Amino acid sequence: MTRSHSLPLFAFALLLGPGCTTVVPLQTASTVPRGTWRVGGQAALSPWCGLSRDVANRCAFLPEGTPLPESRLQGRMGVAEATDVGVSLLASAEVLAGLGPVVRGGVYVDGKRELLSRELGRDRRQVLSVAPGVGFALSRVVPRGGPAPDLDVALPVLFGHQTEGWEWVAGAQVLERFQWRMEQVDPEQRWRARTEVGLTAGAFSRGPARTAYQLSYVAPVDRLSGGRLTFGFGLAFDVTP
């Protein structure tokens, strides 16, 4: 097997392990060309969750203290010059001793706008963009648990530098995360809100068929050392009707 084929297969095998849930999907800083669809799948793994040894306080979990693997199906469409919109469906699951299966599903919708674009020649650019989005998800312990809703509001800022074959992306994001846990006896514990910040770095191949690799670190603003380190991998295809 050649190295070019073994790397994506290794990434898929790696992402089968457990991890924390994510909010913002993988994407380039540049927008999808107008009239083009970009469709594909993604997976995420968080093997390391902060410096803290307190499992219940290290990651974004449901139930608290339980890491979940995650996969996504995503589609983006260029709607105007330097503007696109996207939607992704996420799912994760894990079987827990004493509780049973834990499942999570949701949807994330966002729009991306290029703020600055600098031509580098030979079909290469540097791009600065923003991609605000909103996500909604439900988690449940099957079969006895009730649904637990989460609402996420995200503001990623992305910088992309294009070479002949790749777009290298560095980003920062701010997240507002809201959780409702109606099974809590204490009314004050039924609703929770927290602010998170994060940094991302990724590489996205260029062309009709794209491979994506991304590393991110996201943490609560009041506990920056207790965040989650996440590896992401994705495949996407550009389709022009």
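## Overall architecture

The protein contains one helix and eleven strands. Along the sequence these elements follow the order α-β-β-β-β-β-β-β-β-β-β-β, with the helix preceding the strands. The model is a predicted one.

Of the 241 residues in the protein, 44% are buried. Among contacts with a separation of 6 or more, 61% are between residues 24 or more positions apart. The exposed surface of the protein amounts to about 12300 Å², and carbon and sulfur atoms contribute 66% of that area.

## Salt bridges between strands

The structure has 13 salt bridges. One of them joins the side chains of Asp238 and Arg38, with an N to O distance of 2.7 Å. This pair connects distant parts of the chain, since Asp238 belongs to strand 11 and Arg38 to strand 1 (residues 37-48), 200 residues apart. Arg38 has a relative accessibility of 10% and therefore counts as buried, the cut-off for that class being under 20%.

A salt bridge also forms between the side chains of Asp150 and Arg104, at 2.8 Å from N to O. Here strand 7 (residues 148-162), which holds Asp150, is linked to strand 4 (residues 100-119), which holds Arg104; the two residues are 46 residues apart. Asp150 and Arg104 are both buried.

## A salt-bridge network

The side chains of Glu196 and Arg194 form a salt bridge of 2.8 Å, N to O. Glu196 is at 1% relative accessibility, so it counts as buried. Arg194, at 24% relative accessibility, is classed as partly exposed. Through salt bridges with shared partners, Asp152, Arg177, Arg194, Glu196 and Arg228 are joined into one network.

## Glu167: a buried acid without a salt bridge

Glu167 is located in strand 8 (residues 166-180). This residue is buried but takes part in no salt bridge. The nearest side chain of opposite charge is that of Arg210, 5.3 Å away, whereas a salt bridge requires the nitrogen and the carboxyl oxygen to lie within 4 Å.

The side chain of Glu167 does make a polar contact of 2.7 Å with the side chain of Ser30. Ser30 also appears among the residues that Glu167 touches, leaving aside those up to four places away in sequence. The other residues in that set are Thr28, Ala29, Gly160, His161, Gln162, Gly202, Ala203, Phe204 and Arg206.

## Aromatic pairs

Two aromatic pairs are present in the structure. In the pair of Trp166 and Trp168, the ring centres are 6.1 Å apart and the planes meet at 35°, so the arrangement is tilted. Trp166 has a relative accessible area of 32% and is therefore partly exposed. Trp168 is likewise partly exposed, at 45% relative accessibility.

The rings of Tyr213 and Phe233 also form a tilted pair, with 5.2 Å from centre to centre and 50° between the planes. Tyr213 is in strand 10 (residues 209-220) and Phe233 in strand 11 (residues 228-239), so this pair ties together parts that are 20 residues apart in sequence. Phe233 is buried, with a relative accessibility of 1%.

## Surroundings of Gly171 and Thr230

Gly171 is another residue of strand 8. Its relative accessibility is 11%, and Gly171 therefore counts as buried. Not counting residues up to four places away in sequence, Gly171 touches Val157, Leu158, Gly198, Leu199 and Thr200. The C-alpha atoms of Gly171 and Ser129 are 9.5 Å apart in space, while the two residues are 42 residues apart in sequence.

Thr230 is placed in strand 11. With a relative accessible area of 5%, Thr230 is buried. Beyond residues up to four places away in sequence, Thr230 touches Thr22, Ala44, Leu45, Ser46, Gln214, Leu215 and Ser216. Ala44, Leu45 and Ser46 fall within the range of strand 1 (residues 37-48), and Gln214, Leu215 and Ser216 within that of strand 10 (residues 209-220).

How values were computed:
Residues numbered from 1 in each chain as written. Predicted model: local features only at pLDDT ≥ 70, side-chain atom pairs only at ≥ 80, totals over all residues. Heavy atoms only, no water. Helix = DSSP H or I, 4+ residues; strand = E, 2+ residues; numbered from the N terminus. Buried < 20%, exposed > 50% of the residue type's maximum accessible area, 1.4 Å probe, protein only. Contact = heavy atoms within 4.5 Å. Areas by Shrake-Rupley, 256 points an atom, 1.4 Å probe, with all protein chains shown as cover. Lys, Arg positive; Asp, Glu negative; His and termini not counted. Polar contact = N/O pair within 3.5 Å; in protein donor to acceptor, adjacent residues only side chain to side chain. Phe/Tyr/Trp six-rings, centres within 6.5 Å; stacked < 30°, edge-to-face > 60°.
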